[in-house]
Amino acid sequence: MGVHTPTSLLRLEDITLLLEDDPRVQLIYTQVPDQLGNGVAEKLQQLEVRTIPWQEAVCQTFDLSISASLHQMGEVAAARRFTAPHGAGYNKLWPAWATDEPGSERQVYGLDRRSLLDEHDQPIFDSIVLPHHDHMATLTHQCPEAVAAAVIAGDPCYDRLCASLSARDKYRSRLGVRDAQTLVAVSSTWGQRSLLGSQRDLLLRLTSELSVTHRVIATLHPAVWSQHGSRQVRTWLRDARAAGMDLIDAGEDWRALVIAADMMIADHSSLAVYASSVKVPLLLSHFAHDEIDPHSVMAELAGRSPRLCPSTPLLEQLDEARRAQPTQWDVSGRRISTVKGQSAAILRRELYQLLGLSEPSTAANWPLVPVPRLVRDVVDLH
């Protein structure tokens with residue numbers, strides 16, 4: 001298991017569930033060098049999995065390599081290689097500065113030749129998971145050499161989200177949401193164009209403008225914690241937290257928050273798509289058009305979603321998002337997955353075929369997602 005970042009590890013934890021109870025399979029994890037890899041080693045230690053250093057991993061040969069990010073996986077000698085996206089499909093464009101020639105077409109990251117072919121223009125991966133058949137057109141256009149490896153397998157993150165919807169009341173209770181409260185979830189991706197990077201004052205506005213009948217809980221992209229450090233992030237958000245906002249802690253699974261939420265305020269992160277896909281009304285803080293594939297589900301969803309307005313009362317804007325919810329769901333419901341509810345079966349079958357093993361006789365299913373920990377400051381009285 002090649003782990004690049006805390007984000008990719010969250011996705012790999014779903015895939016691990018399909019293999020780890022088989023005594024014929026030994027899972028070994030390694031941290032792939034990545035600029036956003038802070039926190040991976042600590043999380044792997046918490047998971048109590050077997051790990052080896054990257055320098056050792058590239059000197060061994062494995063039956064199967066599994067990753068939820070792409071770069072450097074060609075350096076791992078493996079009989080077969082499997083990769084899956086770590087977000088809601090493939091939405092982001094390569095940045096303009098990374099294009100080969102000024103003015104050339106910007107590629108969709110993850111379905112491009114740079115990501116999927118080696119230095120000899122040969123495919124690196126034997127299986128590339130595509131959640132929706134729309135991605136096949138992009139892959140065919142950008143990297144036809146990799147089309148034979150594509151597997152339309154749906155979205156395990158979405159399917160596990162749906163499998164956990166029945167536990168909504170439990171999640172709300174464990175997160176401390178009272179029966180009469182409206183839970184407003186806030187999600188930020190990472191970088192200067194994110195909600196946190198460009199509209200941090202929104203978090204204070206939410207806690208000051210919404211009444212006690214509302215509860216605000218935020219979740220941040222793992223790269224925020226990795227890039228800045230947990231102590232720094234907690235300190236930056238201390239005022240908003242003191243005013244009543246809660247915050248999902250670093251490395252925690254955000255899906256229970258989405259299930260528990262009555263509203264979602266988000267930027268162009270995958271959480272906006274996932275929330276909409278389970279019918280949570282979406283209010284966009286803003287939208288970074290130049291970072292997102294204009295043909296993606298995220299771009300279409302942005303076209304159906306209201307934008308936050310600094311001069312309009314928040315309650316009015318939340319009502320506008322509620323009115324937009326049916327058209328938002330029409331987009332995300334159509335485009336998040338071609339094979340809804342089938343990802344566990346398809347992915348397990350694919351993994352066992354790559355391993356050359358017979359599948360277990362039991363049905364492949366997703367367990368409920370865990371309840372995330374909230375940030376809780378410890379006061380040192382000494």
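Helices, as runs of H or I of at least four residues, and strands, as runs of E of at least two, are assigned by DSSP and numbered from the N terminus. In this predicted model, the protein has 17 helices and 11 strands.

**Overall dimensions and packing**

The radius of gyration of the protein is 21 Å, which agrees with the value near 21 Å that a compact globule of 382 residues would have. Along the principal axes, the C-alpha atoms fill a box of roughly 60 × 55 × 40 Å. Of the 382 residues, 55% are buried. Among contacts with a separation of 6 or more, 68% are between residues 24 or more positions apart.

**Surface and charge**

The protein has an accessible surface of about 17400 Å², and carbon and sulfur atoms account for 50% of that surface. There are 37 positive and 46 negative side chains, and 6 Å separates the centres of the two sets.

**Positive phi outside glycine**

Two loop residues are set out below.

| Residue | Phi | Loop | Relative accessible area |
|---|---|---|---|
| Glutamate 48 | near 60° | between α2 (40-47) and α3 (54-57) | 72% |
| Lysine 279 | about 70° | between α14 (270-277) and β11 (282-284) | 48% |

Glutamate 48 has a positive phi and is not a glycine; because its relative accessible area of 72% is over the 50% cut-off, glutamate 48 is exposed. Lysine 279 likewise has a positive phi without being a glycine. At 48% relative accessibility, lysine 279 falls between the cut-offs of 20% and 50%, and therefore counts as partly exposed.

Note on methods:
Residues numbered from 1 in each chain as written. Predicted model: local features only at pLDDT ≥ 70, side-chain atom pairs only at ≥ 80, totals over all residues. Heavy atoms only, no water. Rg over C-alpha atoms; globule rule 2.2 N^0.38 Å. Buried < 20%, exposed > 50% of the residue type's maximum accessible area, 1.4 Å probe, protein only. Contact = heavy atoms within 4.5 Å. Areas by Shrake-Rupley, 256 points an atom, 1.4 Å probe, with all protein chains shown as cover. Lys, Arg positive; Asp, Glu negative; His and termini not counted. Charge placed at Lys NZ, Arg CZ, Asp CG, Glu CD.
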